[in-house]
Amino acid sequence: RKHSKIHSIRSLTAQPSEQHSEVPKQVNFSAHFPFKWELRSPGDATAVQSCRQGKELKASTEDTGQHRSPSLKKSPKESRKVDGAVVSTVEEEEETTKEKMQQNRPQSQQPSTGSLTGSPHLSELSINSQGGPSVANMSLSPNLSPDAKQASPLISPLLNDPSCIRTDDEEEVKRKRFPTEKAYFIAKEVATTERTYLKDLEVITSWFQSAVNKEDCMSDTLKNLIFSNFEPLHKFHAGFLKEIEQRLALWEGRSNAHIKGDYQRIGDVMLKNIQSMKQLTVHLRKHDEVLVELESSIRGSRKLETFCRDFELQKVCYLPLNTFLLRPLHRLMHYKQIMERLCKHYPPNHIDFRDSRAALAEISEMVAQLHGNMIKMENFQKLHELKKDLIGIDNLVIPGREFIRLGSLSKLSGKGLQQRMFFLFNDILLYTSRGLTASNQFKVHGHLPLYDMTIEESEEEWGVPHCLTLRGQHQSIIVAASTRAEMDKWTEDIQMAIDLAEKSSGPAPELLASSPPDSKSPDEPPVDQESEDDLSASRTSLERQAPQRGNTTVHVCWHRNTSVSMVDFSIAVENQLSGNLLRKFKNSNGWQKLWVVFTNFCMFFYKSHQDNHPLASLPLLGYSLTIPSESENIHKDYVFKLHFKSHVYYFRAESEYTFERWMEVIRSATSSASRTRALSHREPHAY
């Protein structure tokens with residue numbers, strides 16, 4: 001087996017690299033944006049060395065690796081320096097791979113599996129413009145500190161070295177060694193998602209707390225409110241994860257303990273821990289207060305506002321900070337879904353059925369008690385998140401206001417059709433443009449109160465496809481969607497919002513700051529100056545932008561010319577997943593093993609589940625999800641394909657169950673549902 005694997009690797013390295021020429025040539029800006037990338041784990045170099053020697057990747061290491069807490073010894077400045085980069089998008093890897101292959105072809109004929117740099121299509125979403133060391137000075141030392149010389153993602157050994165490509169030999173060995181029943185993979189999903197949940201809790205309990213303790217910017221009352229309600233959760237779930245991983249190890253037969261009893265079940269572990277979880281309800285009920293008090297303190301303190309904004313720049317804070325405060329309530333829903341799948345899978349006479357059904361009843365009760373709180377918190381969190389993306393509006397967050405939909409539409413004016421970003425609430429519709437400003441925020445150009453508004457299709461009148469006329473009390477605007485489906489979603493949601501506004505007490509109060517009406521905005525940049533394809537304008541703004549605002553859902557919708565609703569966000573909360581996947585680019589030979597976290601319409605890629613922050617991300621809004629065709633010559637089981645424009649990626653799952661789960665959660669992000677279909681999707685849930 002060893003010799004056949006070495007032979008397989010040699011045959012891979014001997015392949016010429018002409019296959020890269022099939023992707024249309026695109027501009028590579030990586031030279032202007034050198035990235036930093038650090039090896040945090042002492043085991044990283046060892047893993048690379050092991051991979052180079054062609055050793056089998058032991059699944060026991062993958063599945064039961066000890067959880068590691070982040071170090072809290074760095075000063076705020078050091079922490080910011082290490083973690084101050086925004087994650088690069090995976091689309092960037094493809095571009096640099098082609099450029100490197102063309103540059104290095106005279107010296108080397110080795111295929112590359114990609115690297116972590118920028119793509120012209122999505123460069124605005126996640127570029128880090130920090131300088132990095134030269135390639136010549138890179139070293140792979142197990143003791144390399146984050147502040148020492150750091151390897152560049154352009155030459156990441158794990159992601160580029162052909163000898164690290166997994167061979168089919170290893171895959172076959174792994175499949176023969178482990179259980180194949182569906183219940184095992186359901187149990188494994190509990191473990192993989194629990195690892196991510198624990199990491200998310202650590203963003204608050206370790207990273208945020210450590211940073212707060214070094215800066216005098218938060219009152220003791222607020223500190224105590226936040227951390228006294230999150231630390232007990234972290235302690236409990238660390239123990240819970242350990243129990244799940246121990247049970248999986250017994251199930252897989254990686255110790256002699258399986259001889260002493262029947263460990264091929266998970267319901268008993270879930271029941272015991274969900275019952276213990278009920279004692280934490282007192283902390284979970286406090287989380288809405290935590291969110292409200294933190295936002296209130298930020299509003300009242302410029303110092304705390306700056307501190308939180310700087311913390312969001314750290315790579316470990318890969319989502320908006322207040323999103324992490326909602327994670328515990330989201331996790332309860334995930335337990336409920338997992339137990340529903342387990343109970344549906346087991347026959348009533350199965351040894352694990354009774355415990356699984358009891359665990360489902362317990363968690364369903366907890367979800368029912370806390371679900372109302374979660375809905376309110378999600379809306380509150382979304383309003384505050386949107387507030388950071390907008391310039392020119394006061395008091396966006398007011399009692400009774402609910403977010404409904406945001407997205408890109410073209411607005412018809414005297415200058416023709418111009419791309420605008422629209423934000424729909426239950427009382428008002430805002431329209432904005434993305435200015436080339438230092439903060440990269442969206443400037444509000446105007447608003448239409450929904451009270452007394454009418455909406456009608458007007459394609460024939462204006463000769464523009466997918467066109468709508470919105471008539472307000474004092475102003476009318478004509479907008480066009482990118483597709484018929486987008487137009488239908490907007491029409492449905494705007495009409496629903498108009499109906500809600502009619503039932504309310506009356507017109508919304510005047511909420512805008514001194515932003516001029518649309519007809520008096522001669523200084524608006526034309527749409528081509530703001531478009532995704534005008535790379536020079538986009539790149540110029542990127543060098544000055546505040547990085548944490550570059551990868552938000554708002555910016556993804558702008559560049560992909562699409563929209564998302566609050567219903568989509570709620571579905572996304574239910575559809576989160578973590579686990580190992582093998583990834584392949586369209587023009588590469590080998591498969592790369594990565595730890596993947598899917599959340600917030602985005603895939604985040606890590607070298608291993610122990611990493612504290614992602615190496616790259618792939619926002620999926622606008623992507624198509626399909627199965628590879630025969631002509632693509634994949635010839636592997638459990639492979640799905642993601643593509644957008646010229647970008648194509650293949651991913652392999654380890655089993656039929658995990659393949660179906662990845663397809664299910666990714667489809668929820670790539671197929672934005674209409675409100676009617678989304679609500680019918682939610683009907684089976686008791687909550």
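User: Buried means under 20% relative accessible area. With that in hand, does K489 count as buried or exposed?

Analyst: Happy to start there, with the reminder that this is a predicted model. The relative accessibility of K489 is 9%. The cut-off for buried is under 20%, so K489 counts as buried.

User: Thanks! With which side chain does K489 meet in a salt bridge?

Analyst: The partner sits in helix α18 (residues 484-503), as does K489, and the two are three residues apart, about one turn of the helix. That partner is buried too, with a relative accessible area of 5%. The N to O distance of the salt bridge is 3.4 Å, and the residue that K489 meets is E486.

User: And which residues do salt bridges that share partners join into one network?

Analyst: To set the scene, the count of salt bridges comes to 23. Some of them share partners and so form one network, whose members are E189, R341, R661 and E664.

User: How many residues apart in sequence are the parts that the pair of E194 and R331 ties together?

Analyst: The side chains of E194 and R331 meet in a salt bridge, at 2.8 Å from N to O. E194 belongs to helix α8 (residues 182-214) and R331 to helix α15 (residues 327-345), so the parts tied together are apart in sequence by 137 residues.

User: Are E194 and R331 buried or exposed?

Analyst: E194 has a relative accessibility of 0%. For R331 the value is 3%. The cut-off is under 20%, so E194 counts as buried, and R331 likewise counts as buried.

User: What is the distance between the closest N and O atoms of K382 and E385?

Analyst: K382 and E385 are three residues apart in helix α16 (residues 353-389), so about one helical turn separates them. Both residues are buried. They form a salt bridge, and the closest N and O atoms are apart by 3.4 Å.

User: Let's move to helix packing. Is α9 roughly parallel or antiparallel to α10?

Analyst: Two packed helices are described by the angle between their axes and the distance between the axes. Helix α9 (residues 220-251) and helix α10 (residues 267-277) have axes 10 Å apart and pack at an angle of about 175°. Angles over 145 degrees count as roughly antiparallel, so α9 and α10 are roughly antiparallel.

User: How do the residues of the contact of α9 with α10 divide into nonpolar, polar and charged?

Analyst: On the α9 side, the residues are F236, H237, F240, E243, I244 and R247. They meet D268, V269, M270, K272, N273, S276 and M277 in α10. By type, the residues of this contact divide into six nonpolar, three polar and four charged.

User: Now a strand residue: how far apart in space are L625 and R667, C-alpha to C-alpha?

Analyst: L625 is found in strand β15, and its relative accessible area of 17% makes it buried. Leaving out residues up to four places away in sequence, L625 touches F640, K641, L642, M663, I666, R667 and T670. Although L625 and R667 are 42 residues apart in sequence, their C-alpha separation is 6.7 Å.

User: What about G435: which residues does G435 touch, not counting residues up to four places away in sequence?

Analyst: G435 lies in the loop between β5 (428-434) and β6 (442-449), and G435 is buried with a relative accessible area of 13%. Its C-alpha atom is 9.7 Å from that of I391, a residue 44 places away along the chain. With residues up to four places away in sequence set aside, G435 touches N440 and Q441.

User: Where does Y638, with its positive phi, lie?

Analyst: Phi of Y638 is near 60°, a positive value in a residue other than glycine. Y638 is partly exposed, with a relative accessible area of 27%. As for its place, Y638 lies in the loop between β15 (624-626) and β16 (639-644).

User: What is the phi of H466, which is not a glycine?

Analyst: H466 lies in the loop between α17 (459-462) and β8 (467-471). Its phi is positive although H466 is not a glycine, with a value of about 55°.

User: To finish with the whole chain, what percentage of its 687 residues is buried?

Analyst: The chain holds 24 helices and 17 strands. About 27,800 Å² is exposed, and carbon and sulfur atoms supply 51% of that area. Among the 687 residues, the buried share is 58%.

Key:
Residues numbered from 1 in each chain as written. Predicted model: local features only at pLDDT ≥ 70, side-chain atom pairs only at ≥ 80, totals over all residues. Heavy atoms only, no water. Helix = DSSP H or I, 4+ residues; strand = E, 2+ residues; numbered from the N terminus. Buried < 20%, exposed > 50% of the residue type's maximum accessible area, 1.4 Å probe, protein only. Contact = heavy atoms within 4.5 Å. Areas by Shrake-Rupley, 256 points an atom, 1.4 Å probe, with all protein chains shown as cover. Salt bridge = Lys/Arg side-chain N within 4 Å of Asp/Glu carboxyl O. Axes fitted to C-alpha atoms, helices over the stretch in contact; angles between N-to-C directions. Parallel < 35°, antiparallel > 145°, perpendicular 65-115°, else oblique. Nonpolar A, V, L, I, M, F, W, Y, C, P; charged D, E, K, R; others polar.
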